[in-house]
Amino acid sequence: MSEILLAFVQPLLLLVLAPLFSGFSRVLRAKLHGRKGPSILQDYYDLFKLLKREDLRPEHSGLPFRIMPVLFLATVLLLGAAIPLVTLQSPIPILGDFILVVYLLVLPRFFFALSSVDSSGAYPSVGGIRELLVSALIEPAIILALFTVAISTGMFNLGDMCTAVRAFAIDTPVAVVIAGCAMAACCYVELGKLPFDMAEAEQEIQEGPLAEYSGPSLAILKLAMTLKQMLMGGLFVSLFIPFGNAVELTLPALAFGAIWFYIKLTIVFLVCAVIENTVMRTRFNSLSRNTWMIVGCSVLSFVFLIVGV
């Protein structure tokens, strides 16, 4: 009964707090730039405004464009019930297999790209191509890093992997540490920070798939994108820094685990914001030059795994 309750509460709590974390990122970025910045609750205000507006769609858009926001949000909510964020075990153990989690991480980007093509617009199509490019450059590194941890711990369920890492029951600690570094870099890319946000052409490239959405659909998409960023950061801290996660499904243990999770996630957002403000922008066609080291790091972790270090 406790597992079922956690499976419902955990994704809903993430959904409620997602705009708070995105607002925190905006405020932090403004402070680092020396600006006053918006209120930390500004994203809540924006979402409420969008929910009140009319939901307009392109004339020639089809079913993929219409259902993408709901599918996107449903997928990330399912991820929220699959990843062990507060506890050492997945709320729904059958969804905790790391291969299934990787597929669920890929699906939102696939929906994103498919809807951008279905909208029949030039800018959304370019944005969809960019999303597929990022997918091809980053997701192999994520898969290889998680595979390294799975082989090193002898477990393929994320909950069991977290438990093994916390107990230091790993055969190749150096390989796991390097895999953690690769996963941290992938997390930074998934958060959409510089130089991966392509802010010099935001509407044409980064947010191209969102250009044709409005009203409630746009609100759902913005909420789902922030939630996915939180889940990506949560996957990193829960798997490679599982200390503080609840061992038992009691209310005090879960509250303590939730506090530790949000502290770790806040630190991740803080570090990413600081890094973002110390790097320069790059051109879109130079994206692969910034990701080859991430893939190389994950490959190196796999090499250390084979060597047994």
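## Inside and outside a helical model

About 60 Å³ of space lies in the largest cavity, and that's where we'll start. Keep in mind that this is a predicted model. A search of the whole structure turns up one cavity of 30 Å³ or more, so let's take a good look at its walls.

The lining is made up of Val102, Leu105, Val106, Arg109, Glu139, Ile142, Glu190, Lys228 and Met232. Three elements give two or more residues each: α4 (98–118), α5 (122–153) and α9 (215–240). Of these, α4 gives the most, with four residues. By class, the lining splits into five nonpolar, no polar and four charged residues. So what are charged side chains doing around a cavity?

Start with Glu139 and Arg109. They form a salt bridge, and the closest N and O atoms are 3.2 Å apart. Since Glu139 sits in helix α5 and Arg109 in helix α4, the pair ties together parts that are 30 residues apart in sequence. Both ends are out of the way of solvent by the usual cut-off, where buried means under 20% relative accessible area. Glu139 is buried because its relative accessible area is 10%, and Arg109 counts as buried at 8%.

Now turn to Glu190 and Lys228. Their side chains also meet in a salt bridge, at 3.8 Å from N to O. This pair links distant parts of the chain, with Glu190 in helix α7 (residues 173–190) and Lys228 in helix α9, 38 residues apart. Glu190 has a relative accessibility of 12% and therefore counts as buried; Lys228, at 10%, counts as buried too. Then the two stories merge: salt bridges that share partners join Arg109, Glu139, Glu190 and Lys228 into one network. Look back at the cavity lining and you'll find Arg109, Glu139, Glu190 and Lys228 listed there.

The structure holds five salt bridges, and another one worth a visit is between Arg26 and Asp46, whose side chains meet at 3.5 Å, N to O. Here the link runs from helix α1, which holds Arg26, to helix α2 (residues 42–52), which holds Asp46, and the two residues are 20 apart in the chain. Is this pair buried or partly exposed? Arg26 has 36% relative accessibility, so it counts as partly exposed. Asp46 counts as partly exposed as well, at 27%.

While you're at α1, have a look at the second largest pocket, which has a volume of about 280 Å³. It is lined by 14 residues, and those nearest its centre are Leu6, Val9, Gln10, Val86 and Leu254. The elements giving two or more residues to this lining are α1 (2–32) and α10. Helix α1 supplies the largest share, seven residues. In contrast to the cavity, with its four charged residues, this pocket has no charged residues in its lining, which is made of 12 nonpolar and two polar ones.

Helix α10 also leads us outside. Phe256, Ile259, Trp260, Ile263, Ile267, Val271, Ile275 and Val279 make a nonpolar surface patch of about 690 Å². Take Ile259 as one of its members: Ile259 lies in helix α10, which covers residues 251–276. With a relative accessible area of 52%, Ile259 is exposed, because exposed means over 50%.

Further along is Ser301, in helix α11 (residues 292–307). Is Ser301 buried or exposed? Its relative accessibility is 0%, so Ser301 counts as buried. If you want a feel for the path of the chain here, compare Ser301 with Asn290: the two are 11 residues apart in sequence and 19 Å apart in space, C-alpha to C-alpha.

One last stop is a backbone oddity. Most residues other than glycine have a negative phi. Phe168, though, has a positive phi of about 55 degrees, and it is not a glycine. Where does Phe168 sit? You'll find Phe168 in the loop between α6 (158–166) and α7. Its side of the story ends at the surface: Phe168 has a relative accessible area of 62% and is therefore exposed.

Methods
Residues are numbered from 1 along each chain as its sequence is written. This is a predicted model: local features need pLDDT of at least 70, side-chain atom pairs count only at pLDDT 80 or more; totals for chains, interfaces and linings use all residues. Side-chain values use heavy atoms; hydrogens and water are left out. On a 1 Å grid over the protein atoms alone, a cavity is a set of points where a 1.4 Å probe fits but cannot get out, and a pocket is an open set with protein on both sides within 12 Å along at least five of seven lines; lining residues have an atom within 4 Å of a point. Grid points are joined across faces, edges and corners, and a volume is the space filled by probe spheres set on the points. Ala, Val, Leu, Ile, Met, Phe, Trp, Tyr, Cys and Pro count as nonpolar, Asp, Glu, Lys and Arg as charged, and the others, Gly among them, as polar. Patches are made of residues with over 30% relative accessible area and no salt bridge: like charges are joined within 9 Å, nonpolar side chains (Val, Leu, Ile, Met, Phe, Trp, Tyr) within 5 Å. Accessible areas come from the Shrake-Rupley method with a 1.4 Å probe; for residues, only the protein chains shown count as cover. A salt bridge is a side-chain nitrogen of Lys or Arg within 4 Å of a carboxyl oxygen of Asp or Glu. Buried means under 20% relative accessible area, exposed over 50%, partly exposed in between (1.4 Å probe, protein chains only).
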